Amino acid sequence: VFASAYVQDKMEFGDLVLNLGLRYDYIDADSYQLLDPSLPELAIQPGTFAMLSDGLSHSKPVSLVTPRFGAAFSLTDRIVFHAQFAKLIQQSRLLDAYTSWRQFALNVTGYGYVPTNLGPVRTTQYEVGISQQLGEYASLDLTAYYKDVYDQTKPQSVSPASNSAIGGYFNYVNGDYTTTKGIELSFQMRRVNRLQANASVSLQDGQGSGSYSFTGGR
């Protein structure tokens, strides 16, 4: 179950325009996880690999409120400064959260990755820029941005208790991190005498601890 609601208010104070918003997200993946990761055999029947409900628990729903902020200020009649800030969330890949019962049991016994209560991926992003009107029909915009993405999915090694009949296995947790920053220059010209033009060029740098959920966080 995924549900969300959003409210926004726009305020104008002379040359200053503000957009303020709040978003509410409710995420309930309703997936299963081991009740005691150190004793996985409590959820798996030896020999048949049947799942035992007493050794499983449901994932917990997540509720979050995230802000949005945008501002634009006219420096002159042809130059506008703009800035934005936002926090965003998104459910982790459902492929990492769900699997069949038999595959779940096989993965716990050493054949793959075990789904767990994965939380959402969280993003914080900033953006500032300036727009210049060129003549009556064209504009030039220079924007710089910075984005942090954290709580991405990564594998984690789990060592069961010493009295467990099952050896080590892997599960998924939220932990990988990515930073992206860059600048973009764009040119726009509205239609004049049947001619319209839009062009942009950008430079971006992205770094992170893992490129996707199987990389192991390097």
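Trainee: In this predicted model, between which strands is the loop that holds Asp-30 found?

Mentor: Asp-30 belongs to a loop, with a strand on each side of that loop. The strand before the loop covers 16-27, and the strand after the loop covers 32-34. The two strands are S2 and S3.

Trainee: Is Asp-30 buried, partly exposed or exposed?

Mentor: The relative accessible area of Asp-30 is 44%. Buried requires a value under 20% and exposed a value over 50%, with partly exposed in between. Because 44% falls in between, Asp-30 is partly exposed.

Trainee: What is the phi of Asp-30?

Mentor: Most residues other than glycine have a negative phi. Asp-30 is a residue other than glycine, yet its phi is positive. The value for Asp-30 is near 50°.

Trainee: Where is Arg-194 found, and what is its phi?

Mentor: Arg-194 sits in the loop that follows strand S10 (169-192) and precedes strand S11 (195-208). Arg-194 is not a glycine, but its phi is positive. That phi is about 70°.

Trainee: Does Arg-194 count as buried or exposed?

Mentor: Arg-194 has 80% relative accessibility. The cut-off for exposed is over 50%. Arg-194 therefore counts as exposed.

Trainee: How many helices and strands does the protein have, and in which pattern do they follow along the sequence?

Mentor: The protein has one helix and 11 strands. Read along the sequence, the helix comes after a run of β elements and is followed by further β elements. The pattern is β-β-β-β-β-β-α-β-β-β-β-β.

Trainee: What radius of gyration does the protein have, set against a compact globule of 218 residues?

Mentor: The C-alpha trace spans about 80 × 35 × 30 Å along the principal axes. For a compact globule of 218 residues, the radius of gyration would be near 17 Å. The protein itself has 24 Å.

Trainee: What share of the contacts with a separation of 6 or more joins residues 24 or more positions apart?

Mentor: The contacts in question are those in the protein with a separation of 6 or more. Among these, residues 24 or more positions apart account for 63%.

Trainee: Which helix gives the largest share of the largest nonpolar core?

Mentor: The largest nonpolar core has 12 residues in all, including Leu-34, Ile-44, Phe-104, Val-108 and Ile-166. The largest share of this core is three residues, and they come from residues 101-111. That helix is H1.

Trainee: Which residues are in contact with Ile-166, leaving aside its neighbours within four places in sequence?

Mentor: Ile-166 is part of the largest nonpolar core, as are Ile-44 and Val-108. Both of these core residues are in contact with Ile-166. The full set for Ile-166 is Pro-40, Glu-41, Ile-44, Val-108, Thr-109 and Pro-160.

Trainee: Is Thr-123 buried or exposed, and which residues are in contact with it?

Mentor: Thr-123 lies in strand S8 (residues 121-134). Its relative accessible area is 13%, and the cut-off for buried is under 20%, so Thr-123 is buried. Leaving aside neighbours within four places in sequence, its contacts are Ala-86, Lys-87, Leu-88, Lys-147, Asp-148 and Val-149.

Trainee: Does Pro-155 count as buried or exposed, and how far apart in space are Pro-155 and Gly-175?

Mentor: Pro-155 lies in strand S9 (residues 138-158). With 14% relative accessibility, under the 20% cut-off, Pro-155 counts as buried. Gly-175 is 20 residues apart from Pro-155 in sequence, and the C-alpha to C-alpha distance is 8.8 Å.

Trainee: Which residues does Gln-204 touch, not counting residues up to four places away in sequence?

Mentor: Gln-204 lies in strand S11. Its relative accessible area is 56%, which means that Gln-204 is exposed. The residues Gln-204 touches are Tyr-145, Thr-180, Lys-181 and Gly-182.

Trainee: Is Asp-77 buried or exposed, and how far apart in space are Asp-77 and Tyr-146?

Mentor: Asp-77 is found in the loop between strand S5 (62-74) and strand S6 (79-90). Asp-77 is exposed because its relative accessible area is 74%, over the 50% cut-off. From Asp-77 to Tyr-146, 69 residues apart in sequence, the C-alpha to C-alpha distance is 28 Å.

Definitions and conventions:
Residues are numbered from 1 along each chain as its sequence is written. This is a predicted model: local features need pLDDT of at least 70, side-chain atom pairs count only at pLDDT 80 or more; totals for chains, interfaces and linings use all residues. Side-chain values use heavy atoms; hydrogens and water are left out. Helices (H or I, at least four residues) and strands (E, at least two) are DSSP runs, numbered from the N terminus. The radius of gyration is taken over C-alpha atoms; the globule rule is 2.2 Å times the number of residues to the power 0.38. Contact means heavy atoms within 4.5 Å. A nonpolar core is a set of buried Ala, Val, Leu, Ile, Met, Phe, Trp, Tyr and Cys residues joined through side-chain atoms within 4.5 Å. Buried means under 20% relative accessible area, exposed over 50%, partly exposed in between (1.4 Å probe, protein chains only).
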